[in-house]
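The following exercises ask for a careful reading of helix packing and of side-chain surroundings. Each task is followed by a solution that proceeds step by step.

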Amino acid sequence: MTTRPSASKEQPLARPLVPFWCGGVSAMAAACFTHPIDLIKVHLQTSTTRKRALQTTRRIIHEAGILGLYSGLSAALLRQGTYTMARFAVYDLAKDTMRQANGGRSLNGAQVAVATLLSGVAGGIVGNPAEILNVRMQIDQALPGNLRRNYRNAVHGLVAMVRDEGARSLTIGLGPSLVRATLATASQFVSYDILKEQLLIAG
């Protein structure tokens, strides 16, 4: 009799940890598979000459070996480990907090919008430094030798950015990142929640 109340009180605090970890880890796993494609895309988009994807792939492998296709992977993993996990954690925490305030009832549209906004802002702020690193490390191979930053990994890149450019360099492009993160959260999380609820009601 005495253990049931304590278990029910702890449950709302433990629920957000499941999507928080699973969502972030799955995004990091996906990055391991899609990173070479993303790298080639960035090279094509920033090239001053028209090249095909196969030509770019061959050039990267010729210059840096097969592992060159994974240049900047540590930054991509850091981005997913911060951006995605922050969005999942804040979105679920905000929903749970407002659901408890509602007495366990479903959230209305305004409350879902607030959870989406908080989640997008958190993800955009936390993930922005890794987003900058990801782009810089991916494009480094295509730059002339005297313009390359030569970050060894994401940690080295963060330290070099703060040391050489100041802490404000971590906020470059933050505005667009916040907008994108908010829109991404709204389109992904909200549509998922709506569809899941409708399927559960349908049985």
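**Exercise 1.** Determine how α4 and α7 are oriented to each other in this predicted model, and describe the contact between them.

*Solution.* The two helices turn out to be oblique to each other. To see why, begin with the axes: those of α4 (residues 73-101) and α7 (residues 174-202) come within 12 Å and cross at roughly 55 degrees. Angles under 35 degrees count as roughly parallel, over 145 as roughly antiparallel and 65 to 115 as roughly perpendicular, the rest being oblique, and the crossing angle of roughly 55 degrees therefore places α4 and α7 in the oblique class. The handedness of this crossing is right-handed.

The next step is to identify the residues that meet. On the α4 side these are Arg 79, Tyr 83, Arg 87, Phe 88, Tyr 91 and Lys 95, and on the α7 side they are Arg 180, Ala 181, Ala 184, Thr 185, Gln 188, Phe 189, Val 190 and Asp 193. By class, the contact of α4 with α7 is made up of seven nonpolar, two polar and five charged residues.

**Exercise 2.** Classify the packing of α4 against α5 and give the composition of their contact.

*Solution.* Helix α5 spans residues 109-139, and its axis lies 8 Å from that of α4 at an angle of about 170 degrees. Because angles over 145 degrees count as roughly antiparallel, α4 and α5 are roughly antiparallel to each other. The residues of this contact divide into 18 nonpolar, nine polar and four charged.

**Exercise 3.** Decide whether Arg 79 and Gln 80 are buried or exposed, and list what each of them touches.

*Solution.* Arg 79 is found in α4, and Gln 80 has its place in α4 as well. The cut-off for buried is a relative accessible area under 20%; Arg 79, at 12% relative accessibility, therefore counts as buried, and Gln 80 is buried because its relative accessible area is 17%.

Leaving out residues up to four places away in sequence, Arg 79 touches Thr 84, Gly 127, Ala 130, Glu 131, Asn 134 and Arg 180. With neighbours up to four places away likewise not counted, Gln 80 touches Ala 27, Met 28, Ala 31 and Met 85.

**Exercise 4.** Compare the span of α4 with the expected one, and describe the backbone just after this helix.

*Solution.* The 29 residues of α4 reach 41 Å from the first C-alpha to the last, which is close to the 42 Å expected at 1.5 Å a residue. Just after α4, Gly 103 takes a positive phi of about 75 degrees.

Definitions and conventions:
Residues numbered from 1 in each chain as written. Predicted model: local features only at pLDDT ≥ 70, side-chain atom pairs only at ≥ 80, totals over all residues. Heavy atoms only, no water. Axes fitted to C-alpha atoms, helices over the stretch in contact; angles between N-to-C directions. Helix = DSSP H or I, 4+ residues; strand = E, 2+ residues; numbered from the N terminus. Left-handed = near helix turned anticlockwise from the far one by under 90°. Contact = heavy atoms within 4.5 Å. Nonpolar A, V, L, I, M, F, W, Y, C, P; charged D, E, K, R; others polar. Buried < 20%, exposed > 50% of the residue type's maximum accessible area, 1.4 Å probe, protein only. Expected span 1.5 Å × (residues − 1).
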